[in-house]
Amino acid sequence: MAIQRTFRRRMVLRFAFLGLLMASCAGNNGQGENIRLESLSGDELYRNNCTACHGPNGDAGVGGASALSTSTLDYHAIQEVIEKGRNSMPPQTHAFKTDEELDNLIDHIISLRKE
Ligand code: HEC
């Protein structure tokens, strides 16, 4: 009995310690990653999230991705495609963290158009 109790107490302590350790790590990571002082530029957001299908200049057309250099969508229509997706393009709400970043991204999409 006594041995079992000691064992159980040790296990409880060990898990409590592990829990604390994990909680403190998560806290640190969370802080480091969540507090971003500056918005990412439209160019960075585009490169991180859109080039796989649209390519660096917007014209790669992977999987039927629309050519962005000849797109005629206005600001709000672009916003809608980004937020809701369209046909085989999935919604891209993971691509931006703030309204400012969404604005940067949309401005960048428009800047890909050829004059
Ligand atoms: C998984 C591939 C994929 C990714 C990633 C992707 N797109 Fe698309 N995109 C597409 C496809 C496919 C279409 C055409 C959708 C259709 O057929 O209606 C499209 C269409 C668009 C259009 C419509 C253009 C027009 O004139 O009709 C815009 C704007 C657009 N994408 C922006 C973006 C942005 C901004 C990102 C990154 C945040 C992005 N896409 C990421 C596949 C993708």
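**Exercise 1.** Which helices each supply at least two residues of the shell around the ligand?

*Solution.* The model is a predicted one. Step 1: go through the helices in order; helix 3 (51-54), helix 4 (75-84) and helix 5 (99-111) each meet the condition of at least two residues. Step 2: rank the contributions; helix 4 gives the most, with 3 residues.

**Exercise 2.** Describe the shell around the ligand and where the ligand sits.

*Solution.* Step 1: count the shell, which holds 23 residues. Step 2: pick out the closest, namely Cys 50, Cys 53, His 54, Ser 71 and Met 89. Step 3: sort the shell by class, giving 13 nonpolar, 9 polar and 1 charged residues. Step 4: locate the ligand, which sits in the largest pocket.

**Exercise 3.** Find side chains with a polar atom close to a ligand oxygen, using the cut-off of 3.5 Å for a polar contact.

*Solution.* Step 1: in Ser 71, a side-chain N or O atom is 2.6 Å from an oxygen atom of the ligand. Step 2: for Arg 86, the distance from a polar side-chain atom to a ligand oxygen is 2.7 Å. Step 3: for Asn 87, the corresponding side-chain N or O atom is 2.8 Å from an oxygen atom of the ligand.

**Exercise 4.** Which protein atoms are donors of the iron atom of the ligand, and what is the geometry of the iron site?

*Solution.* Step 1: the protein donors are NE2 of His 54 and SD of Met 89, at 2.0 to 2.1 Å from the iron. Step 2: place them in the chain; His 54 is in helix 3 and Met 89 in the loop between helix 4 and helix 5, so the pair, 35 residues apart, links distant parts of the chain. Step 3: the iron has 6 donor atoms with angles of 86 to 180 degrees, and its site is octahedral.

Conventions. Residues numbered from 1 in each chain as written. Predicted model: local features only at pLDDT ≥ 70, side-chain atom pairs only at ≥ 80, totals over all residues. Heavy atoms only, no water. Near = heavy atom within 4 Å. Polar contact = N/O pair within 3.5 Å; in protein donor to acceptor, adjacent residues only side chain to side chain. 1 Å grid on protein atoms, 1.4 Å probe; cavity = no way out; pocket = protein on both sides within 12 Å on 5 of 7 lines; lining within 4 Å. Sits in = over half its atoms within 2 Å of the grid points. Helix = DSSP H or I, 4+ residues; strand = E, 2+ residues; numbered from the N terminus. Nonpolar A, V, L, I, M, F, W, Y, C, P; charged D, E, K, R; others polar. Donors = N, O, S within 2.8 Å, 3.2 Å for Na, K, Ca; no water. Tetrahedral: all angles 85-135°; square planar, octahedral: opposite > 155°, others 65-115°.
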